[in-house]
Amino acid sequence: MGMEKPLPIWAIFFAIVPGILGFILVFMESQVTEVILNKPEKKLKKGSGFHFDILVLGLMMIVNGILGLPLMCAAAVKTISHVNALSVYR
């Protein structure tokens, strides 16, 4: 894959498809977990960094994809604890 002969241009553009699917997977997993945690009976108040965190998550995924770095893990336990850390209880 590019070590003995150059990687074809079509292969580079073809790799965008799984990268976008991975981005959607991690981003939507975070969004679904946040929706579950923001139920009215939990009485959570969004902290100041709540939306900024989603922005940073999206930017990190884009930069990691462009640079070929590993994507973040889609694990609900990680996301639940992360969102709880950003939330303020009423």
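How many helices and strands does the secondary structure of the chain come to? Four helices and two strands. Keep in mind as you look around that this is a predicted model.

**Stop 1: the whole chain**

Colour the chain by secondary structure and follow the ribbon from the N terminus: the elements run α-α-β-α-α-β. Now switch on the surface. The chain has an accessible surface of about 6800 Å², and 74% of that belongs to carbon and sulfur atoms. Of the 90 residues, 22% count as buried. If you display contacts, take those with a separation of 6 or more: 76% of them are between residues 24 or more positions apart.

**Stop 2: helix α2**

Select residues 16–37, which make up α2. This helix has 22 residues, and from first C-alpha to last it reaches 32 Å, close to the 32 Å expected at 1.5 Å a residue.

Which residues of α2 are buried? Pick out G22, V26, E29, S30, T33, E34 and L37. They sit on the same side of α2, because the arc they cover around the axis is only 130 degrees. A bit of background helps here: an α-helix has 3.6 residues a turn, so residues three or four places apart point the same way. Swing the view round to the other side of α2, and you'll meet L21 and V35, which are exposed.

**Stop 3: the nonpolar patch**

Stay with the surface on and select L7, I9, I12, F13, I16, V17, I20, L21, I24, M28, V32 and I36. Together these form a nonpolar patch on the surface, with about 1100 Å² of accessible area. Where does the largest share of the patch come from? From α2, which gives eight residues. Helix α1, residues 9–14, also supplies at least two.

Zoom in on two members of the patch. I12 is in helix α1. Its relative accessibility is 43%, so I12 counts as partly exposed. I36 lies in helix α2, and it too is partly exposed, with a relative accessible area of 46%. While you have I36 selected, add I80: the two are 44 residues apart along the chain, yet their C-alpha atoms are separated by 9.3 Å.

**Stop 4: helix α3**

Next, select residues 50–67, helix α3. Its 18 residues reach 26 Å from first C-alpha to last, close to the 26 Å expected at 1.5 Å a residue.

Show the side chains of F50, D53, I54, L57, G58, M61 and N64, the buried residues of α3. These are on the same side of α3 as well, since they cover an arc of only 135 degrees around the axis. Turn to the face away from that buried side and you'll find H51, F52, I66 and L67, which are exposed. Then step just past the helix: α3 is followed by G68, whose phi is positive, near 80 degrees.

**Stop 5: D53 and its partners**

Finish by centring on D53, which lies in helix α3. Is D53 buried or exposed? It counts as buried, because its relative accessibility is 18%, and the cut-off for buried is under 20%.

What does D53 touch, leaving aside its neighbours within four places in sequence? Add H82 and L86 to the selection: D53 is in contact with both. H82 is 29 residues from D53 in sequence, and the two are 9.6 Å apart in space, C-alpha to C-alpha.

Conventions:
Residues numbered from 1 in each chain as written. Predicted model: local features only at pLDDT ≥ 70, side-chain atom pairs only at ≥ 80, totals over all residues. Heavy atoms only, no water. Patch = residues over 30% accessible without salt bridge, like charges linked within 9 Å, V, L, I, M, F, W, Y side chains within 5 Å. Areas by Shrake-Rupley, 256 points an atom, 1.4 Å probe, with all protein chains shown as cover. Salt bridge = Lys/Arg side-chain N within 4 Å of Asp/Glu carboxyl O. Buried < 20%, exposed > 50% of the residue type's maximum accessible area, 1.4 Å probe, protein only. Contact = heavy atoms within 4.5 Å. Expected span 1.5 Å × (residues − 1). Arc of directions from axis to C-beta.
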